Amino acid sequence: MVRFKVIKGSQLLLGIAIVVLVLVIAALAISYALSGEGSADAPAIAQVSLAEAGASDDGAETDSVFAPLRASSGALALDPDEDQIHIEILPDATEPADKPSVLIYHTHTHEAYEQVSGDQYVAIEAWRTTDQDHSVVRVGDELTELLRARGFEVVHDTTDHEQDDLSTAYTRSLETLEHYEQRFDLYIDLHRDAYIEGVESIQLYDESDQSLAQLMLLIGNGEGFDVKPYYEENLRFAEALTERINARKSGLCKDVLVKDGRYNQNIGVFSVLIEVGHNRNTLREALASLPYLADALESLMIDDPDPELSEMQRAFQSAAEG
């Protein structure tokens, strides 16, 4: 698309401008046809000067390293005082940049929910199953699709890290994480919590009156490990995400839980453990809470990024590349 605006010009100069514009558009059309319209190498802006080119492109971009889209802008201006025409060529649609990348995995792969009619499974022990259609892996499948629909690039790793030894599951999940050469913007270890007798839960419902499972983020402070996690960065992210979730459904996400340990959060910035409900919740309740989580992640990483978090991400990426 080409937009133009004429600023103070004689009829003669205007005629010259139109002729030049037609020639430029024809040349650009040929160039686009040869190189492939919308390709990464195609110029986003063209400037033509009758005398001496002097226009500048501000090229303002968002401060966030998570930003998924950049919109081009442009115009044509005729300035008789400078005897100069500036033309900016625009694509009709915004041009996609890098999407935020997310890795979802499950250290406790067999975690499952309360069995109810329509959601029954073969249990290997209470509230645990290797049937991934009914375990926390099913929750990961749903979250993956919700995030992709919101503009994220998502890898969902369904590796069984529990196998037959729950106590060494974190060792195996760390090996899985280290297998990836790609660095992700966000690592999510997706779990379900354990119900604690006597601890009161808030009962919440969505707009269709479907009951919801509460969420909670857990961050390790690195106690007991020589190689520490990115505790301050991950805690700051978890607090910001909790706030965004509760802005959409008050009370849906509990306060961030900080515990001794590392929880493989030394893998990078940002890395979090997210609990989706507990074993007394149903799978349906867990799935119903995920749109709120996905919306909050979209808000935090795409629509309205937190400048402090963006700077933390840049610092981590710079250090990793250096």
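A crossing of two helices is called left-handed if the near helix is turned anticlockwise from the far one by less than a right angle, and right-handed if clockwise. That wording is needed at several stops below.

This is a predicted model, in which local features need pLDDT of at least 70 and side-chain atom pairs count only at pLDDT 80 or more, while totals for chains, interfaces and linings use all residues. Residues are numbered from 1 along each chain as its sequence is written, and side-chain values use heavy atoms, with hydrogens and water left out.

**Colour by confidence**

Start with pLDDT, the predictor's confidence in each residue, from 0 to 100. The chain average is 81, and 70% of the residues score at least 70. Select residues 36-65, where the pLDDT is below 50; this stretch has 46 contacts in the model beyond near neighbours in sequence, a contact being heavy atoms within 4.5 Å. Then select residues 67-78: the pLDDT is again below 50, and the contacts beyond near neighbours in sequence number 54.

**The sheet**

Helices (H or I, at least four residues) and strands (E, at least two) are DSSP runs, numbered from the N terminus. Two strands pair if DSSP finds at least two bridges between them. Show the six strands that form an open sheet with mixed pairing, in the order S7-S6-S8-S13-S11-S12. Strand S7 (153-156) and strand S12 (257-259) are the edges; each has a single partner strand, so one side of each is left without a neighbour in the sheet. On average, neighbouring strands of this sheet are turned by 30 degrees against each other, direction ignored.

Zoom in on strand S11 (residues 215-220), which runs parallel to S12 and is joined to S12 by three bridges. One residue to pick is Gly 220, whose bridge partner in S12 is Lys 259.

**Helix H4**

Next select helix H4 (residues 231-248), which packs on the sheet and touches strand S8 (186-193), S11, S12 and strand S13 (271-278). The direction of H4 makes about 170 degrees with that of S11. Axes are lines fitted to C-alpha atoms, for helices over the stretch in contact, and angles run from 0 to 180 degrees between N-to-C directions.

Add helix H6 (residues 307-321): the axes of H4 and H6 come within 10 Å and cross at roughly 150 degrees. That makes H4 roughly antiparallel to H6; angles under 35 degrees count as roughly parallel, over 145 as roughly antiparallel, 65 to 115 as roughly perpendicular and the rest as oblique. The crossing of H4 and H6 is left-handed. Here Glu 233, Arg 236, Phe 237 and Ala 240 of H4 meet Glu 308, Leu 309 and Met 312 of H6. By class, the residues of this contact are four nonpolar, no polar and three charged. Ala, Val, Leu, Ile, Met, Phe, Trp, Tyr, Cys and Pro count as nonpolar, Asp, Glu, Lys and Arg as charged, and the others, Gly among them, as polar.

Now add helix H5 (residues 283-303), whose axis comes within 9 Å of that of H4, crossing at roughly 120 degrees. That makes H4 oblique to H5, and the crossing is right-handed. On the H4 side, residues in the contact include Phe 237, Leu 241 and Ile 245, and on the H5 side they include Tyr 292, Asp 295 and Ser 299.

**Helix H2 against H5**

Keep H5 and select helix H2 (residues 136-149): the two axes come within 9 Å and cross at roughly 30 degrees. This crossing is right-handed. The contact of H2 with H5 has 12 nonpolar, no polar and two charged residues.

**Two loop details**

Finish with the backbone. A cis peptide bond, with omega about 10 degrees, joins Val 269 and Phe 270; Phe 270 lies in the loop between S12 and S13. Trp 127, in the loop between strand S6 (101-105) and H2, has phi near 60 degrees, a positive value in a residue other than glycine.
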